[in-house]
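Welcome! Please look over the molecule below, then try each exercise before you read its solution.

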Amino acid sequence: MSLLVRALSATAICVALTVGASAQDVQERTIRWGHLNNTDHPVSFGVQKFAEILLAKSGGKMKVREFAASQLGNELQQQSALRGGTQEMLSASTTSLATVVPEFGLIDFPFLFNTTEQADALATGKFGAAMLDTLPSKGLTGLGYWGLGFRNVTNSTRPITKVEDFGGLKLRVIPNPVYLESFSAFKANPVPMAFGELYSALETRTVDGQENPYTVILSNKFYEVQKYVSATNHTFTLNIILVSKVFWDKLSPTEQRLMREAYEESRGYQKEQTRLQTEKALAELQAKGMQYNAIAPEETDRMRKAVQPVVDKISANLRADTVKLFNEEVERIRKDVK
């Protein structure tokens, strides 16, 4: 046998052994992935794309079973299930994670950015990575972030075009200090409430309005019980793709790599779906009778100034090094990213 043939044979054997070892490193698994959104929402589209990629990469062994629309409970309940190892995955708002790592609340500060690209740069930059690094000690592993779009206010009372229009409105907000104190600064009456209770509260006028991305407003048919939608664009909603650390630690290095690759390869698709669905959602909300109004830049500036004391107060109670990194990143992004 020639040296070339021997070399080729040895290479083939090594490749076969590597493939065999890799295949043995991937077990039959069913991954339960929960989230709050309906199956017509970009989050669900992202879950489905992730599942499709992971299934292919694992040779059909690693299957994702989606539990949409709060089937597994609210985000705090599902977060607890991940930490206890009874649920494998969750796409959760950074807002809910502030209950575990308070510095996640920085991402909810109002009027940080003007574009999706700027918000994306925060998530994929040094600050976003530093926040993911805080999760393993809390029983969670973060694969990365998905963007859900800017949040906007709806209500059944009047259009909002200036800060004074918030006065006296009962608005459901996420149970989080940033949202509670920000809307209090607008002289609204913020009401913390679980998302699953919101439609009924709007229908019965327990609250006058709420704030969410256009896709959430459409998907949950809030147009049936809300008249006005105002382009406040006050915060950009980010979801973190979470994995139970109990589950993650059971995975082989190969399986962990496949999970990370599935996230990276699904991320661009989910981002594009958010963009497309946001544009479509706003058009459909107007077609279904909601009265839309934009907000003048000078009024946005007034809103930003009204909540600055809230930003300063909450920042003072968080880790100084994390706040410093956050502020440096925000300043850099505002300068460099359009």
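A salt bridge is a side-chain nitrogen of Lys or Arg within 4 Å of a carboxyl oxygen of Asp or Glu. Here the model is a predicted one, in which local features need pLDDT of at least 70, side-chain atom pairs count only at pLDDT 80 or more, and totals for chains, interfaces and linings use all residues. Residues are numbered from 1 along each chain as its sequence is written, and side-chain values use heavy atoms, with hydrogens and water left out.

**Exercise 1. Salt bridges along helices**

Task: Find how R257 and E261 meet, and how they are placed in helix α11.

Solution:
- Step 1. The two side chains form a salt bridge, with 3.2 Å from N to O.
- Step 2. Place both residues in helix α11, residues 253-287 (helices are DSSP runs of H or I with at least four residues, strands are E runs of at least two, and both are numbered from the N terminus). R257 and E261 are 4 residues apart there, so about one helical turn separates them.
- Step 3. Check the exposure (buried is under 20% relative accessible area, exposed is over 50%, partly exposed is in between, with a 1.4 Å probe and protein chains only). R257 is partly exposed at 40%, and E261 is partly exposed at 25%.

Task: Now work out how far apart the closest N and O atoms are in the salt bridge of K280 with E284.

Solution:
- Step 1. The closest N and O atoms of K280 and E284 are 3.9 Å apart.
- Step 2. Both residues lie in helix α11, 4 residues apart, about one turn of the helix.

Task: Is E329, the salt-bridge partner of R332, buried or exposed?

Solution:
- Step 1. The closest N and O atoms of R332 and E329 are 3.0 Å apart.
- Step 2. These two are 3 residues apart in helix α13, about one helical turn.
- Step 3. R332 is partly exposed at 34%, whereas E329 is buried at 6%.
- Step 4. Elsewhere, salt bridges that share partners join K57, R257, E261 and E265 into one network. The structure holds 22 salt bridges.

**Exercise 2. The nonpolar core**

Task: Which residues have the most contacts inside the largest nonpolar core?

Solution:
- Step 1. Recall the term: a nonpolar core is a set of buried Ala, Val, Leu, Ile, Met, Phe, Trp, Tyr and Cys residues joined through side-chain atoms within 4.5 Å.
- Step 2. The largest core has 38 residues, and F104 and L242 have the most contacts inside it.
- Step 3. Among the elements that give two or more residues to this core are β3 (89-93), β10 (236-244) and α12 (297-316).
- Step 4. Apart from this core lies another, of 24 residues, including V26 and L143.

**Exercise 3. An open sheet**

Task: Which strands stand at the edges of the sheet that β7 to β11 help to build?

Solution:
- Step 1. The order of the 6 strands is β7-β6-β8-β5-β9-β11, in an open sheet with mixed pairing (two strands pair if DSSP finds at least two bridges between them).
- Step 2. β7 (189-192) and β11 (291-293) are the edge strands; each has a single partner strand, so one side of each has no neighbour in the sheet.
- Step 3. β9 (residues 228-230) pairs with β11 in the parallel sense over 3 bridges, and the bridge partner of Y228 in β11 is Q291.
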